[in-house]
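User: Please explain on what grounds the descriptive terms are applied here.

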Amino acid sequence: MRIGMLTSGGDAPGLNAVIRGAVLTGTTVHGHEFVGFKDGWKGLVEDDILPLSRHEVKGISKQGGTILGTSRTNPFEGRGGVDRINEVMADNRLDALIAIGGEGTLAAAKRLTDAGVSIVGVPKTVDNDLDATDYTFGFDTAVGIATEAMDRLRTTGDAHNRCMVAEVMGRHVGWIALHSGMAAGAHAILIPEQRTSLEQLCEWVLSAYDRGRAPLVVVAEGFTLDSMDDPHSERGLDAFGRPRLGGIGEQIAPLIEERTGIETRATTLGHIQRGGTPSAFDRVLATRLGMASIRAVNERLWGQMVALRGTEIVHVPFQEALGKLKTVPQDRYDEAALLFG
Ligand code: F6P
């Protein structure tokens with residue numbers, strides 16, 4: 001078979017391990033050939049291809065980013081659409097496409113599969129917000145980077161007796177905040193799933209401060225104080241019409257300072273969380289997902305994606321991944337909150 005591959009949406013550490021896992025399994029075990037599309041759906045619409053043989057994937061599992069490039073391009077906009085994509089697939093003599101991406105990518109892949117394009121998916125997001133898979137690769141690395149950053153914030157916070165606010169990614173879910181906050185021993189973790197009042201937040205901050213600690217507050221970018229209508233967004237919408245989040249840390253830091261009198265600083269970790277070397281956990285998960293995507297192609301499981309359930313890799317329909325966000329359950333938050341303040 002001839003198989004096209006693309007990586008689309010925000011990058012996540014582990015993308016290259018998926019590509020390597022798929023290409024090595026496909027070429028050495030099944031005799032498949034591969035073509036890479038550059039910069040996600042954009043490369044497919046523009047027929048911008050890259051060679052993808054065993055040689056190109058040599059030693060790439062440990063590299064961050066993606067050797068194929070990525071973008072947040074909607075394949076139905078501009079010159080795109082089903083006819084154009086079928087034309088490019090035919091011109092390249094492709095039997096199947098493996099699309100590696102998050103919610104936006106998988107939604108586009110579903111639309112294309114419904115129209116007859118042969119696609120299997122590999123879920124990807126540092127946010128860990130896809131419901132049909134227990135974990136996505138990239139999440140473990142992002143949590144590790146955020147935890148290390150918070151350990152550093154704590155030492156400078158201790159030195160100055162300041163309250164430190166660390167803003168992490170996650171879009172509309174609080175997984176990165178919950179895990180990195182727990183790992184770093186934060187005094188408050190603010191997540192989108194739990195609206196919180198400024199009063200409650202300041203109680204936690206003061207309680208830690210009064211014990212002689214420099215309070216660490218972790219806030220997910222999608223968090224809203226109970227006095228706010230929507231998550232803080234000041235950078236417009238992305239290509240799929242979703243608000244670009246970020247900046248809530250800088251919003252709440254002066255409020256904490258004003259109300260508690262404790263000098264407070266905010267740090268937004270931003271894209272540092274998505275860069276650099278993937279953790280060993282993410283490399284293994286990504287490699288297994290890449291290998292499983294070839295099994296899905298062999299079995300012609302179009303419209304399905306590979307996913308992690310417990311320790312097993314399974315196949316699930318795109319629809320299951322798109323139905324709803326995997327949010328932080330109440331009991332996971334309550335458990336963490338027992339240690340706040
Ligand atoms: O979905 C992954 C993610 O990193 C989110 O956590 C964040 O809101 C968004 O992507 C940032 O997108 P961009 O890289 O386009 O700024």
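The exchange below takes up the ligand site and then the salt bridges.

Analyst: The model is predicted, so local features need pLDDT of at least 70 and side-chain atom pairs count only at pLDDT 80 or more, while totals for chains, interfaces and linings use all residues. Residues are numbered from 1 along each chain as its sequence is written, and side-chain values use heavy atoms, without hydrogens and water.

User: What makes the approach of Glu-221 to an oxygen atom of the ligand a polar contact?

Analyst: A polar contact is a pair of N or O atoms within 3.5 Å. An N or O atom in the side chain of Glu-221 is 2.5 Å from a ligand oxygen, and therefore the pair qualifies. For the side chain of Arg-274 the corresponding value is 2.7 Å.

User: Why is the pairing of Lys-110 and Asp-114 called a salt bridge?

Analyst: The term requires a side-chain nitrogen of Lys or Arg within 4 Å of a carboxyl oxygen of Asp or Glu. Lys-110 and Asp-114 meet at 2.7 Å, N to O, so the criterion is satisfied. Lys-38 and Asp-39 also form a salt bridge, with their closest N and O atoms 3.7 Å apart. The whole structure holds 14 salt bridges.

User: Why is Lys-38 described as partly exposed?

Analyst: Buried means under 20% relative accessible area and exposed over 50%, with partly exposed in between (1.4 Å probe, protein chains only). Lys-38 has 32%, so partly exposed is the term that applies.

Methods:
Polar contact = N/O pair within 3.5 Å; in protein donor to acceptor, adjacent residues only side chain to side chain.
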